[in-house]
Amino acid sequence: MRKTGILNAQLARAINGLGHTDTFAVADCGLPIPAGVEVIDLALVFGVPRFHDVVRAILDEVVVEAAVVAKQAPGDVASLVDDPQLVDHDDLKRALADCKFVVRTGETTPYANIIFRSGVPF
């Protein structure tokens, strides 16, 4: 059993499978996820787990070289990452089709969604 880090087996497996430039998303509980994209559903009830908590836990484990946030997102969403690319929410939803997986949280804040591009630690 792990002492620290991501304990959810499905999420840990998905993170371990990331390669350089692969994309994945962390989403609120209402984001429509395209068919064929793996969903790691952490949502328990509205508000649990919180989007910010899930993003912080994942960023502790993953090297991220870029992030995409909808222009409509609240400022505290964009502030979770350095220098996010801002796009229209419809463009963000279209980009989900290229993600390896989407982590669904219990977040109910509209537009609380980020697409991350995996980097390398060297």
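**Figure 1. The whole chain, from one end to the other.** Which pattern does the protein follow when read along the sequence? In this predicted model, the order is α-β-β-α-β-α-β-α-β-β. That gives four helices and six strands. The C-alpha atoms fill a box of roughly 40 × 35 × 30 Å along the principal axes. A compact globule with 122 residues would have a radius of gyration near 14 Å, and the protein agrees with this because its value is 13 Å. Take the contacts with a separation of 6 or more: 81% of them are between residues 24 or more positions apart.

**Figure 2. Looking into the largest nonpolar core.** Buried residues make up 41% of the protein's 122 residues. In soluble globular proteins, nonpolar side chains tend to be buried together. Here the largest nonpolar core has 26 residues, and the members that touch the most others are Ile58, Phe101 and Ile114. Many parts of the chain contribute: α1, β1, α2, β3, α3, β5 and β6 each bring at least two residues to this core. There is also a second, separate core of 12 residues, with Val37, Leu92, Leu96 and Cys99 among them.

**Figure 3. Helix α2 and its buried side.** Find the helix that runs through residues 51-59. Its buried residues are Phe51, His52, Val54, Val55 and Ile58. These residues cover an arc of only 165° around the axis, so they sit on the same side of α2. What do they pack against? Their partners are α1, β1, α3, β5 and β6.

**Figure 4. Phe101 and the residues around it.** Leave aside the neighbours within four places in sequence, and see who else is in contact with Phe101. The contacts include Leu11, Ala14, Ile15 and Leu18, along with Thr23, Phe24 and Ala25. Val37, Glu38 and Ile40 are in contact with Phe101 too.

**Figure 5. Three rings in one aromatic cluster.** The whole structure holds two aromatic pairs. In the pair Phe24 and Phe101, the ring centres are 5.1 Å apart and the planes lie at 15°, so this pair is stacked. Phe24 belongs to strand β1 and Phe101 to strand β5, so the pair ties together parts that are 77 residues apart in sequence. Phe24 also forms a stacked pair with Phe116, at 5.3 Å centre to centre and 25° between the planes. This second pair links β1 with β6, where Phe116 lies, across 92 residues of the chain. Together, Phe24, Phe101 and Phe116 form one aromatic cluster. Are these rings buried or exposed? Phe24 and Phe101 are both buried, and Phe116 is buried as well.

Terms used
Residues are numbered from 1 along each chain as its sequence is written. This is a predicted model: local features need pLDDT of at least 70, side-chain atom pairs count only at pLDDT 80 or more; totals for chains, interfaces and linings use all residues. Side-chain values use heavy atoms; hydrogens and water are left out. A nonpolar core is a set of buried Ala, Val, Leu, Ile, Met, Phe, Trp, Tyr and Cys residues joined through side-chain atoms within 4.5 Å. Buried means under 20% relative accessible area, exposed over 50%, partly exposed in between (1.4 Å probe, protein chains only). Contact means heavy atoms within 4.5 Å. The arc is that of the directions from the helix axis to the C-beta atoms. The radius of gyration is taken over C-alpha atoms; the globule rule is 2.2 Å times the number of residues to the power 0.38. Rings of Phe, Tyr and Trp (its six-membered ring) pair if their centres lie within 6.5 Å; planes under 30 degrees apart count as stacked, over 60 as edge-to-face and the rest as tilted.
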